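Dear colleague,

Here is the structure I promised to hand over to you. Please open it beside this message, and read my notes below with the chain in view.

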Amino acid sequence: MADKPAVLVTRKLPDAVEARLDRDYDARLNADDRLYSGEELIERSTGAVAVIPCHTEKLSAGVIERLPETVRAICSFSVGYDHIDLNAAKARGIVVTNTPDVLSDATAEIAMLLLLGAARRAFEGEREIRTDTWAEWSAIHNLGIQVTGKRLGVVGMGRVGRIMARRARGFDMEIHYHNRRRLPPEVEEGAIFHERVEDMLPHCDFLSIHCPATPDTRHLLNAARIALLPESAVVVNTSRGAVVDDDALIAALRSGRLFAAGLDVFNNEPHIDPRYRELPNTFLLPHIGSATRETRDAMGFRALDNLDAIVAGREPRDRLV
Ligand code: 8YV
């Protein structure tokens, strides 16, 4: 039997995914789950046909250009692909794939958790219990903002944004959305479209960000746009930190112009802006949008389905370039 193709897997993946990798490939696994530098990634790819990175590996043009000639595919274990220079990959004839769909429900769950947690000051309440500082029940203590019946603005009505909108309807929320283009009525499901994000913001008691990080969406939420939100709005971000201008968001949270923010993603993860930690009105999670057992298995299998197709000379389902 011919040798199995070598594949570099940059991070530790769920057991079932690694078992399939081991069965079908000469899998170079990362048992320690240590983050590789660009140099290490290039070195460890020697003789490999493919790399399976996570969003934590920056596959810049500089790294991609120096990958060994043998590398034909980058099958990312993520839906986002802002960590991969697609132009550089295309120029080298390397196929790039991602893992859409399978993580949409899990990510929308975390967005809803953040929305509820930020609005109802869950973190402050939880901390009181844990630090044994719950003095006495009070009618005026820990007052949050009611979610039911309020208005939610969704930035980026893609797979995750649509599920978020559907979940929010379960709380009788009125849904507004901004997207590159208007969606057909059966997909809109009654949501109100705004061609310009500026036109939507005054209608958003809650704002949930679901667009990808691109040069166009960098700092999409900046001081000028925050100023368009109603007083005491709540901001939720489960997409990428780069979409938010930290200085502007932190200033608005500090002054009380915004009621709270629920954030699962940050600039410069895991070394986030420390000011977020000092604010009482932030509900912070460590990028766990897709972190369920079911979803992480499904992401791994989806990445492997793409890899199998490329190795067999078939068109992969989730080709980006
Ligand atoms: C993952 C994500 O945890 O898929 C994405 O784009 O942001 C997260 O769901 C991560 O990217 C895995 O690489």
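Helices (H or I, at least four residues) and strands (E, at least two) are runs taken from DSSP and numbered from the N terminus. The model is a predicted one, in which local features need pLDDT of at least 70 and side-chain atom pairs count only at pLDDT 80 or more, while totals for chains, interfaces and linings use all residues. Residues are numbered from 1 along each chain as its sequence is written, and side-chain values use heavy atoms, with hydrogens and water left out.

I begin with the domains, whose bounds come from an automatic or database domain assignment. This assignment divides the protein chain into domain 1 (6-102 + 293-311) and domain 2 (104-284), and the centres of the two, taken over C-alpha atoms, are separated by 31 Å.

Next come the sheets. As a general point, the strands of a sheet pair through backbone hydrogen bonds, in either a parallel or an antiparallel way; here two strands are said to pair if DSSP finds at least two bridges between them.

One open sheet has five strands in the order β2-β1-β3-β4-β5, and its pairing is parallel. Because β2 (26-28) and β5 (95-97) stand at the edges with a single partner strand each, one side of each is left without a neighbour in the sheet. Neighbouring strands of this sheet are turned by 15° against each other on average, direction ignored, where axes are lines fitted to C-alpha atoms (for helices over the stretch in contact) and angles run from 0 to 180 degrees between N-to-C directions. Strands β3 (residues 50-52) and β4 (residues 73-75) run parallel and are joined by two bridges, and A50 has A73 as its bridge partner in β4. Helix α13 (residues 293-311) lies across β1 (6-9), β3, β4 and β5, and runs at about 165° to β4; contact means heavy atoms within 4.5 Å.

The other open sheet that I describe has seven strands, paired in parallel, in the order β8-β7-β6-β9-β10-β11-β12. Its edges are β8 (192-194) and β12 (282-284), each with a single partner strand, so one side of each is left without a neighbour in the sheet. Within this sheet, five bridges join β6 (residues 151-155) to β7 (residues 174-178), which run parallel, and G153 has H176 as its bridge partner in β7. Helix α5 (residues 104-119) lies across β6, β9 (206-209), β10 (233-237), β11 (258-263) and β12, running at about 145° to β11.

Where do domain 1 and domain 2 meet, and how much area do they bury? Seven residues of domain 1 are in contact with six residues of domain 2, and between them the domains bury about 560 Å², 41% of it on carbon and sulfur atoms. Buried area is the accessible area (1.4 Å probe) that two parts lose on being put together, summed over both. In domain 1, H55, D82 and D101 lose the most area to domain 2, together 65% of what that side buries.

Finally, two backbone details deserve a look. Most residues other than glycine have a negative phi, and most peptide bonds are trans. The peptide bond from E269 to P270 is cis, with omega near -5°, and P270 lies in the loop between β11 and α12 (275-278). D132, in the loop between α6 (122-130) and β6, has a positive phi, near 55°.

With best wishes
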